[in-house]
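This report goes through a few computed features of one protein chain, from its surface to its helix packing. The sequence and the model come first.

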Amino acid sequence: MTNVAAANTSSGATDALLPRPNGRSRSRGARNRRLREALLAYAFLLPAFLVVGLFGLFPLIFAAYQSTLRGINRVVGTFDGLGNYVRAVDVFTYVLGFWGAVILVWLTLRGIARGRAAAAAAGEPFFRWSVPGVALGAMLLFALAWLIRLLPLLLGIPDQMRGANNTPENFRRLLLAALSDPGVVQMMLGVLATAALGIGGAVLVQRQLDRRGQRGNYMAPFVGGTAMLGLAVLLLVLTWNELVKQIAEANVANAGLDLASQIVMISAGFVLLALSWWLWDSASHRSANASTFMRLGAAAVLMVAGWLLIAELPRAIGAGDPVWWYGLLATFYYSAGTIPPQLIVALVLAVLLFQDIKGRTFFRMVYFLPYIAPFVGTAAVFKIIFSSRPEAPINAILGFFGLPAQLWLNEPRGIFNLMTPGLDLPVWAAGPSLALVVIMIFGVWTFFGFNTVVFLAGLGNIPRELYEAAAIDGAGRWPQFRHITLPLLSPTIYFLTLYSVIGTFKAFNHIYVLRNGAALGTTDTASVVIFQAFNRDTRIGYASALAILLLLVIIILTVVNNRVASKRVHYG
């Protein structure tokens, strides 16, 4: 016992002589550990960021840059601002430009407001992050300006390396000249300066907060807000310059130009429609019947007023490129004619195949085969089946029942015109052409198997105890499907709807294979129109502008779908 006590005394004396870490050293150690962890995380994310940036963000930036150039068969064309957009959608260019800038400003203010609210809830400072955040946002803008300034110089190198000039030495000289261009160098210096200011400021702010035991980082709203404000200013400048140019050209030609009335009326119409939707949506949250009816009545009035103001829309559409508008119309027809049938058929088949029946694995494989089969090959088979020849398979079946043969993929008339031969309907009311209907059938046949498999996965996640409890309570198959299956499948339905909308608006392969010249372009969806502008007409800048417009349409539809489905999706 004496030896043990002596040992303990000796150990205590030794520990007393060793330096103990104070609070500051412990804080510094924790901060260094967090820094190492953050650097390690960013090191792992860097390859993915480079891949996404190279194959995702860069093509988008390049397309946006290319859409401001004009010229035939020229990658580096003449700068034309928003001229390509005016050729495509005319007055809609100014509507989209103005409201696009307004939306960017609104997103900036909303992000800052949300960040400030989060910081206030946590009891942490918010605007202290403004300086590094604004600096890093300016860095993104300088990087974008550097890329736009460098792109034409790099794209012009191949034209300078023809013939005897095609040597490695000449390429290195031209590349060095492009990188050392004064404008390029200035933009790169701006990138480096703002990056140093942003990173240095962020480190200083984080150290100050670490001393107080605060770890919140609220730099993202300022970074994104600065970048979006810069893009908003750029969009407003381009829109204003294009508007001034159009007015000047109209004055020279002594032609009237009622752009202002069209822009104001169309914009006001869309604003009223948005307000009517907000009132209609908020009416369901009112407890008093009087308040609900008042909101519904106001929504109806605003909706009618909005449609009256958008009466300028047909005239504005007629001033744009008719090929592009018809392509969008065909795309909407194709989307509306394929998404509901394939989802309904897939849901019915998934419910049937989810039952305990023999051979369900075989049927699942058979229904999935059209999706994995090559689109070009199956489209070629469909082209034979729906041939306009009287002895073609479908026409032979019609002949067996005494029905006349149809032109199918060669028929440009709308289906409603075919149903009412004596009535000549306008293009927008004639419906999709019979040729496009055949392509819709192919789309449904191809993708319903994929949707069936996804629905089967969603059905597998629904607990069987719910069905057993419902059966004990006396619920039949239909009440179980309506009150259990559909609500719990709503996330799957939402995903497939969103996936299908995006997919139908980008569909190209099978549509291009099935299209015929005899259909007079009625099967040319937006993606086909873009390809024709690029490949056949070699109008690279115009094709890029159409691609950006299609992207905007997809984004708007995605946002609307998300807003509509967000309150109707049940996650458990």
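## A nonpolar patch on the surface

In this predicted model, L96 is found in helix α4, which covers residues 92-122. The same residue, L96, takes part in a nonpolar surface patch of about 450 Å², which is made together with L60, L551, L552, I555 and V559. Helix α22, spanning residues 540-566, gives the most to this nonpolar patch, with four residues.

## Packing of α12 and α19

Helix α12 (residues 322-353) packs with helix α19 (residues 477-506) at an angle of about 145°, and their axes lie 10 Å apart. The crossing in which α12 passes α19 is right-handed.

On the α12 side, the residues in contact are T331, F332, Y334, S335, T338, I339, Q342, L343, L347 and V351, and in α19 they meet F481, L486, L489, L496, T497, S500, V501, T504 and F505. By class, the residues of this contact divide into twelve nonpolar and seven polar, with no charged residue.

## Surroundings of Y333

Helix α12 also holds Y333, whose C-alpha atom is separated by 6.1 Å from that of P432, although the two residues are 99 residues apart along the chain. If neighbours within four places in sequence are left aside, Y333 is in contact with V427, W428, G431, P432, L436 and M440.

## Salt bridges

Side chains of opposite charge can pair when their charged atoms come close. With a side-chain nitrogen of Lys or Arg required within 4 Å of a carboxyl oxygen of Asp or Glu, the count comes to eleven salt bridges.

One of these salt bridges joins the side chains of K245 and E242, with 3.4 Å from N to O. Because K245 and E242 are three residues apart in helix α8 (residues 220-252), about one helical turn separates them.

Technical notes
Residues numbered from 1 in each chain as written. Predicted model: local features only at pLDDT ≥ 70, side-chain atom pairs only at ≥ 80, totals over all residues. Heavy atoms only, no water. Axes fitted to C-alpha atoms, helices over the stretch in contact; angles between N-to-C directions. Helix = DSSP H or I, 4+ residues; strand = E, 2+ residues; numbered from the N terminus. Left-handed = near helix turned anticlockwise from the far one by under 90°. Contact = heavy atoms within 4.5 Å. Nonpolar A, V, L, I, M, F, W, Y, C, P; charged D, E, K, R; others polar. Patch = residues over 30% accessible without salt bridge, like charges linked within 9 Å, V, L, I, M, F, W, Y side chains within 5 Å. Areas by Shrake-Rupley, 256 points an atom, 1.4 Å probe, with all protein chains shown as cover.
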